[in-house]
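The paragraphs below lead through one protein model, starting from a single position and widening to the whole chain. Please keep the sequence and the model in view while reading.

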Amino acid sequence: MALITNIQHFLDEDGSLAELNFESIELLAFLTAIIESASIAYERPVSLASVNCRKCDGEIEVWVDPDSHIIGWECLECGEEGSISNWEGTQWDKRDDVRH
Ligand SMILES: [Zn+2]
């Protein structure tokens, strides 16, 4: 099952973290690590995330769609996958500022 997430749902209007329950905090830590990995390697077609799969601990591939800028990720072991939208400009956006 694909995990479709909009990172803004974890944030308050001013961009700070919303109050989250434990499950959401855990998920957020996973998603933000993927955002950092994908945005650092923004110009590469695909790279490995700094976190492993929450289900099977397998390696996760991440990429940024060049048109929509939506981050996609997929576990290489179990096929768990998802997407993250609206991550640009958040504190986890690690793209080189000079270039944009
Ligand atoms: Zn997996």
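G82 counts as buried because its relative accessibility is 10%, which is under the 20% limit for that class. The model is a predicted one. G82 has its place in strand β5. Setting aside residues up to four places away in sequence, G82 touches L3, I71, G72 and W73. The chain also brings G82 and A2 together: they are 80 residues apart in sequence, and their C-alpha atoms are separated by 4.7 Å.

The next position, S83, belongs to strand β5 too, a strand that covers residues 81-85. With a relative accessibility of 15%, S83 counts as buried. Without its neighbours within four places in sequence, the contacts of S83 are L3, I4, T5, I70, I71, G72 and W73. Three of these, L3, I4 and T5, fall within the residue range 2-6 of strand β1. Others, including I71, G72 and W73, fall within the range 71-75 of strand β4. Strand β5 therefore has contacts, through S83, with residues of both β1 and β4.

E81 is in strand β5 as well, but E81 is partly exposed, with a relative accessible area of 35%. Where do the contacts of E81 lie, once neighbours within four places in sequence are left aside? They are M1, A2, L3, W73 and E74. A contrasting distance is that from E81 to I25: these two are 56 residues apart along the chain, and their C-alpha atoms are separated by 19 Å.

The contact between S83 and T5 can be read from the other side. T5 lies in strand β1, residues 2-6, and is buried at 10% relative accessibility. Not counting residues up to four places away in sequence, T5 touches L31, S83, I84 and S85. Of these, L31 falls within the range 22-40 of helix α1, while S83, I84 and S85 fall within the range 81-85 of strand β5.

From here the view can widen to the interior. Which residues touch the most other members of the largest nonpolar core? In this core of 24 residues, they are I7, I34 and I60. At least two core residues come from each of α1 (22-40), β2 (47-52), β3 (59-64) and β4 (71-75). The element that gives the most is α1, with 8 residues.

I34 shows how the helix meets the strands. Apart from residues up to four places away in sequence, I34 touches A49, V51, I60, V62, I71, W73 and I84. A49 and V51 fall within the range of β2, I60 and V62 within that of β3, and I71 and W73 within that of β4. I84 falls within the range of β5. I71 and W73 are also among the residues that G82 touches.

Two positions outside the strands deserve a look at their backbone. Most residues other than glycine have a negative phi. H69 has a positive value, near 65°, and lies in the loop between β3 and β4. The side of H69 is not fully covered: H69 is partly exposed, with a relative accessible area of 23%. N86 also has a positive phi, near 60°. N86 lies in the segment after β5 and is partly exposed, with a relative accessible area of 43%.

The whole chain can now be put together. The protein has 1 helix and 5 strands, and from the N terminus on the elements run β-α-β-β-β-β. Its radius of gyration is 13 Å, close to the 13 Å that the globule rule gives for 100 residues, so the protein is as compact as a globular protein of that length. Along the principal axes, the C-alpha atoms fill a box of roughly 35 × 35 × 20 Å.

Of the 100 residues, 41% are buried. Among contacts with a separation of 6 or more, 43% are between residues 24 or more positions apart. The protein exposes about 6,300 Å², and carbon and sulfur atoms supply 47% of this area. As for charge, there are 6 positive and 21 negative side chains, and the centres of the two sets lie 5 Å apart.

Note on methods:
Residues numbered from 1 in each chain as written. Predicted model: local features only at pLDDT ≥ 70, side-chain atom pairs only at ≥ 80, totals over all residues. Heavy atoms only, no water. Helix = DSSP H or I, 4+ residues; strand = E, 2+ residues; numbered from the N terminus. Rg over C-alpha atoms; globule rule 2.2 N^0.38 Å. Buried < 20%, exposed > 50% of the residue type's maximum accessible area, 1.4 Å probe, protein only. Contact = heavy atoms within 4.5 Å. Areas by Shrake-Rupley, 256 points an atom, 1.4 Å probe, with all protein chains shown as cover. Lys, Arg positive; Asp, Glu negative; His and termini not counted. Charge placed at Lys NZ, Arg CZ, Asp CG, Glu CD. Core = buried A, V, L, I, M, F, W, Y, C linked by side-chain atoms within 4.5 Å.
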